[in-house]
Amino acid sequence: MHDVISPVDEQVVATVPSLTEAETDAAIERAHAAFATWRAVSPGDRARLLRRFAAVVDAHNEELAQLEVRNAGHTIGNARWEAGNVRDVLDYYAGAPERLSGRQIPVAGGLDVTFYEPLGVVGVIVPWNFPMPIAGWGFAPALAAGNTVVLKPAELTPLTAIRIGELALEAGLPKDVLTVLPGKGSIVGQRFVTNPLVRKVCFTGSTEVGKRIMAGCAEQVKRVTLELGGKSSNIVFADADLARAAASAPGSVFDNAGQDCCARSRLLVQASVYDEFMALLEQSVKAFRCEDPSLESAQMGPLISAGQRDSVRSYVDDSAVAFRGSAPEGPGYWMAPTVLTAASARDRHWREEIFGPVLSVLPFADEEEAVRLANDTEYGLSGSIWTRDLGRGIRVARGVETGALSVNSHSSVRYWTPFGGVKQSGLGRELGPDAVAAFCEVKNVFFSTEV
Ligand code: NAD
């Protein structure tokens with residue numbers, strides 16, 4: 001058992017079990033047994049069950065949101081959106097079972113057909129920063145394809161996942177089709193990697209752990225999807241709508257207290273408008289409301305833990321602070337949104353994923369330098385470009401090495417479009433129309449016409 005602490009006031013919110021290796025294996029075996037039943041459920045019935053699951057999650061939106069405010073310190077507005085996102089992905093992928101079809105390929109001497117077949121048990125490993133959506137991005141398409149799922153939430157934030165597991169049963173999903181297994185990464189998560197009954201691991205978390213998971217999966221040639229760290233750029237050109245770009249920049253990095261893999265934690269501003277843009281940005285950062293996350297007005301809550309706050313602070317201690325917003329004193333793991341000016345592209349805060357409310361700023365001269373600076377990182381997950389010049393928007397969007405990008409927007413993840421990273425930000429894509437196929441094997445069968 002272990003205590004779950006609220007980052008808002010440092011109080012114990014709940015005590016949850018921490019599963020052993022033997023308990024994890026037993027759950028994986030039950031999920032394996034349930035696979036035979038679940039894959040045999042007709043596509044129409046599987047779709048109906050997923051839609052009912054979506055409806056039950058929707059009916060508990062407020063309960064799930066309040067739980068996340070308490071457990072993870074998310075603002076109530078964000079938490080409602082996150083529970084709504086689980087509903088949305090379930091609804092979206094409920095459309096898949098009846099549409100997932102293979103091909104008939106012209107061949108001589110018979111009939112050749114491809115089938116999309118589910119893999120078996122899929123292991124979904126979730127980090128603490130977005131416990132609900134990231135769980136849903138894994139389990140919804142996996143279940144739609146006919147797989148069963150074992151889901152490991154992060155030790156710090158297991159509560160909404162545990163509740164969603166209960167709601168799945170309430171919605172009528174057969175037992176052991178979606179099983180939530182709280183516990184340590186090194187025990188429960190590791191068994192997802194090493195137990196051969198788990199046929200695919202969907203991991204979201206740090207690049208460091210992701211590399212170990214990939215190496216472990218290689219032992220069994222196990223399928224793996226990795227959604228890892230990021231250090232994304234927000235590039236503001238002189239011809240952009242500076243007021244709009246400055247108004248939305250704080251949300252693009254301080255949302256979820258900066259604990260967002262898509263955070264635009266690097267700001268590149270064209271030198272000719274640097275002073276003008278920084279003055280606008282200062283106003284919007286100082287107006288950004290870091291406060292009790294249960295307040296409707298809150299835009300940012302605390303960091304997840306004392307350790308995370310101390311790690312983030314270590315980046316700020318010796319750096320040049322341009323300006324900062326405000327934050328409550330404590331108890332709770334609070335830190336004010338902070339803007340740092342980088343002396344050069346070698347600064348530690350410019351290069352490393354901080355995963356906290358810290359924005360690093362660097363001026364650039366021209367388009368070529370902006371693209372070079374944006375690509376000078378081991379990561380490639382997200383980013384934004386602000387310009388009114390369509391040609392420049394297209395050129396820079398094609399030039400930046402990243403899995404997702406938005407132009408004149410800070411939109412990051414939309415469940416109907418593919419999401420994932422390049423370079424050390426990950427491997428494979430989640431969401432979008434192709435996600436269900438990623439939870440299938442393609443089987444090719446040739447039927448001979450010769451008797
Ligand atoms: P983490 O890597 O420490 O842990 C993630 C999950 O992996 C947790 O559930 C943890 O218990 C489990 N785990 C840890 N060690 C394991 C092991 N040896 N075997 C199996 N499982 C193990 O990451 P975190 O600190 O929870 O999350 C923050 C990181 O996640 C950041 O780097 C962030 O950028 C990244 N992230 C990426 C995305 C994305 O979509 N690309 C989304 C959110 C977070």
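How many residues of domain 1 are in contact with residues of domain 2? Keep that question in mind while we walk through the structure, which is a predicted model.

Let's begin with the whole chain. An unreviewed UniProt entry carries the annotation "domain: Aldehyde dehydrogenase", and in that record it covers residues 3–445. Over residues 3–445, helix makes up 40% of the chain and strand 19%. The C-alpha atoms at the two ends of this stretch are 52 Å apart.

Now look at how the chain is divided. Domain 1 consists of 2–228 + 424–448, while domain 2 takes in 233–414. If you find the C-alpha centre of each domain, you will see that the centres of domain 1 and domain 2 lie 30 Å apart. Here is the answer to the opening question: 28 residues of domain 1 are in contact with 29 residues of domain 2.

Next, zoom in on a pair of helices. Two packed helices are described by the angle between their axes and the distance between the axes. Our pair is helix H1 (residues 21–40) and helix H7 (residues 185–194), whose axes come within 9 Å and cross at roughly 40°. Angles under 35 degrees would count as roughly parallel and 65 to 115 as roughly perpendicular, so H1 and H7 are oblique to each other. The crossing in which H1 passes H7 is right-handed.

Which residues make this contact? From H1 come Glu21, Thr24, Asp25 and Ile28, and from H7 come Ile187, Val188, Arg191 and Phe192. Sorted by class, the contact of H1 with H7 holds four nonpolar, one polar and three charged residues.

Terms used: Residues are numbered from 1 along each chain as its sequence is written. This is a predicted model: local features need pLDDT of at least 70, side-chain atom pairs count only at pLDDT 80 or more; totals for chains, interfaces and linings use all residues. Side-chain values use heavy atoms; hydrogens and water are left out. UniProt positions are given in the numbering used here, feature names are shortened, and annotations may be inferred rather than shown by experiment. Helices (H or I, at least four residues) and strands (E, at least two) are DSSP runs, numbered from the N terminus. Axes are lines fitted to C-alpha atoms, for helices over the stretch in contact, and angles run from 0 to 180 degrees between N-to-C directions. Angles under 35 degrees count as roughly parallel, over 145 as roughly antiparallel, 65 to 115 as roughly perpendicular and the rest as oblique. A crossing is left-handed if the near helix is turned anticlockwise from the far one by less than a right angle, and right-handed if clockwise. Contact means heavy atoms within 4.5 Å. Ala, Val, Leu, Ile, Met, Phe, Trp, Tyr, Cys and Pro count as nonpolar, Asp, Glu, Lys and Arg as charged, and the others, Gly among them, as polar. Domain bounds come from an automatic or database domain assignment.
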